[in-house]
Amino acid sequence: MKIAGNIIWLILAGFWLCIGYLIAGVLNCIFIITIPFGIQSFKLAGFALWPFGRTVADRPGASSLKSGCGNILWFVLGGWYMALMHFVTGLLLCIPIITIPLAIQDFKLAGLALAPFGKEILSHDEAQRRRAYYRAGAATGWQGQPTTASPPSLPPPPPTVDISF
């Protein structure tokens, strides 16, 4: 079913969205400082070309400060345009009833187009493996048990010296 969905997606929307991301990637790679945005555009181009069977997850170890700053700059440098492109194609895919699942996928991609930093694209199998790993870890307590001991006390403040005259 994934292959059939991806082929229909490729014909109706994926090819054009991929071209849009590739153009954005090339434009972002013109300047050295915007190369990370170009790399994100190329990653999203591959995901927009063949989205079924893959999912987006938070990247482990991603700094929320760096990801947030990157997402703000991404939004200014063209993320809003890519999200608008997904929204318009999603609305067009809602017209025939049979392509509504494709429209739903397009609306999901619009959210990713707004804030791609701090995310990674995984296969469904890898995402399920990670979820099972985290659930098993949480059940066995690898995250650490809350302690009832009080935190270490601070040393007393040094004596103050009176320097008044």
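## Cysteines and disulfides

A disulfide is a covalent bond between the sulfur atoms of two cysteines. In this predicted model, a search of the whole structure for pairs of cysteine sulfur atoms within 2.5 Å finds zero disulfides.

Two cysteines can be described by how far they are open to the surroundings, where values between 20% and 50% relative accessible area count as partly exposed. Cysteine 29 has a relative accessibility of 30% and is therefore classed as partly exposed, and cysteine 94, with a relative accessible area of 33%, is partly exposed as well.

## Two helices side by side

Two packed helices are described by the angle between their axes and the distance between the axes. For helix α1, which covers residues 2-28, and helix α3, which covers residues 64-93, the axes come within 11 Å and cross at roughly 170°. Because angles over 145 degrees count as roughly antiparallel, α1 and α3 are described as roughly antiparallel to each other.

On the α1 side the contact is made by Trp9, Leu12, Ala13, Leu17, Gly20, Tyr21 and Ala24, and on the α3 side by Met82, Met85, His86, Thr89 and Leu93. Of the residues in this contact between α1 and α3, nine are nonpolar and three are polar, while none is charged.

## A pair of strands

Strand β1, formed by residues 54-58, runs antiparallel to β2 and is joined to β2 by five bridges. Within this pairing, alanine 57 stands opposite glutamate 120 of β2.

Which side chains of strand β2 are buried? Along residues 119-123 the side chains alternate, with Glu120 and Leu122 buried and pointing to one face, whereas Lys119, Ile121 and Ser123 point to the other face and are not buried.

Notes:
Residues are numbered from 1 along each chain as its sequence is written. This is a predicted model: local features need pLDDT of at least 70, side-chain atom pairs count only at pLDDT 80 or more; totals for chains, interfaces and linings use all residues. Side-chain values use heavy atoms; hydrogens and water are left out. Buried means under 20% relative accessible area, exposed over 50%, partly exposed in between (1.4 Å probe, protein chains only). Helices (H or I, at least four residues) and strands (E, at least two) are DSSP runs, numbered from the N terminus. Two strands pair if DSSP finds at least two bridges between them. Axes are lines fitted to C-alpha atoms, for helices over the stretch in contact, and angles run from 0 to 180 degrees between N-to-C directions. Angles under 35 degrees count as roughly parallel, over 145 as roughly antiparallel, 65 to 115 as roughly perpendicular and the rest as oblique. Contact means heavy atoms within 4.5 Å. Ala, Val, Leu, Ile, Met, Phe, Trp, Tyr, Cys and Pro count as nonpolar, Asp, Glu, Lys and Arg as charged, and the others, Gly among them, as polar.
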